[in-house]
Amino acid sequence: MGDEKVKNEAMEIMGLFQVLPRLVVFDLDYTLWPFYCECRSKNEKPSMYPQAKGILHAFKDKGVNVAIASRSPTPDIANAFLQKLEIKSMFVAQEIFSSWTHKTEHFQKINRKTAVPYNEMLFFDDENRNIQAVSKMGVTSILVGKGVNLGALRQGLSEFVKNSASVEKNKEQWRKFSKEPGSCTVTI
């Protein structure tokens with residue numbers, strides 16, 4: 001399936017959802033491309049998973065920003081590959097550095113750069129430890145098996161909508177509670 005066809009199908013999938021994330025964050029190795037950067041040379045011609053580029057373009061066309069959170073120990077190779085694939089300029093934040101924090105530090109930096117709240121982000125990664133750590137921050141996080149694809153996109157958007165509805169329900173319950181007689185309200 002070509003990039004344009006994937007992009008159109010991804011746009012159709014996005015059209016099924018009333019709420020989209022403000023920011024979608026992708027890991028690189030085994031999420032956007034099928035290899036570890038540190039096992040490659042800058043001189044090689046990289047390739048992406050078949051549906052990854054079309055999905056990135058669909059998000060951009062829908063006005064949804066995209067970012068990178070990668071723990072690659074070779075950011076120079078990762079950046080060279082993003083340049084060669086002609087996708088580097090698509091990302092509003094690119095946090096590519098080695099870390100033992102399971103990407104929580106990456107997301108803190110992305111949050112500071114973009115001012116997008118964690119609960120308005122969607123994240124795709126191939127490592128469960130990153131998914132678990134970032135989920136605890138309030139980010140809807142999706143584990144991908146063989147790279148990001150249309151199935152993972154559909155799953156991610158479904159989970160994001162479900163999580164968004166739960167956040168809104170909690171806000172509404174708090175508003176009701178704070179207006180009830182006898183509830184503690186502080187005015188300054």
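With which side chain does the side chain of aspartate 125 make a polar contact of 3.3 Å? The partner is the side chain of asparagine 130, where a polar contact is a pair of N or O atoms within 3.5 Å, of which, within protein, one must be able to donate a hydrogen and the other to accept it, and where residues adjacent in sequence count only if both atoms are side-chain atoms. The model is a predicted one, in which local features need pLDDT of at least 70 and side-chain atom pairs count only at pLDDT 80 or more, while totals for chains, interfaces and linings use all residues. Residues are numbered from 1 along each chain as its sequence is written, and side-chain values use heavy atoms, with hydrogens and water left out.

The protein chain contains six helices and five strands, taken as DSSP runs (H or I, at least four residues, for helices; E, at least two, for strands) and numbered from the N terminus. Along the sequence these elements follow the pattern α-β-α-β-α-β-α-β-α-β-α. Of the 188 residues in the protein chain, 45% are buried, a term that means under 20% relative accessible area, with exposed meaning over 50% and partly exposed in between (1.4 Å probe, protein chains only). Contacts, defined by heavy atoms within 4.5 Å, were also considered by sequence separation: among those in the protein chain between residues at least 6 apart in sequence, 69% join residues at least 24 apart.

Aspartate 125 belongs to strand β4, which covers residues 121-125, and aspartate 125 counts as buried because its relative accessibility is 0%. Besides the contact with asparagine 130, its side chain makes a polar contact of 2.5 Å with the side chain of lysine 103. When residues up to four places away in sequence are not counted, aspartate 125 touches Asp27, Thr31, Lys103, Asn130, Ile131, Ile142, Leu143 and Val144.

Two of these neighbours, Asn130 and Ile131, are buried residues of helix α5 (residues 128-135), as are Ala133 and Val134. The cover over the buried residues of α5 includes α4 (104-114), β4 and β5 (140-143).

Within strand β5 lies serine 141, which counts as buried because its relative accessibility is 14%. The side chains of serine 141 and serine 135 are joined by a polar contact of 3.4 Å, and a polar atom of the serine 141 side chain lies 3.1 Å from the backbone oxygen of valine 139. Serine 141 also touches Phe123, Ile131 and Val134, among the residues beyond four places away in sequence.

Helix α4 holds isoleucine 110, which is buried, with a relative accessible area of 0%. Isoleucine 110 and leucine 23 stand 87 residues apart in sequence, yet their C-alpha atoms are 9.8 Å apart in space. Leu23 is one of the residues touched by isoleucine 110, others being Val25, Ala67, Ile68, Ala69, Ala93, Glu95, Ala115 and Met121, again without residues up to four places away in sequence.

At the surface, the protein chain exposes about 10000 Å², of which carbon and sulfur atoms supply 51%, as calculated by the Shrake-Rupley method with a 1.4 Å probe.
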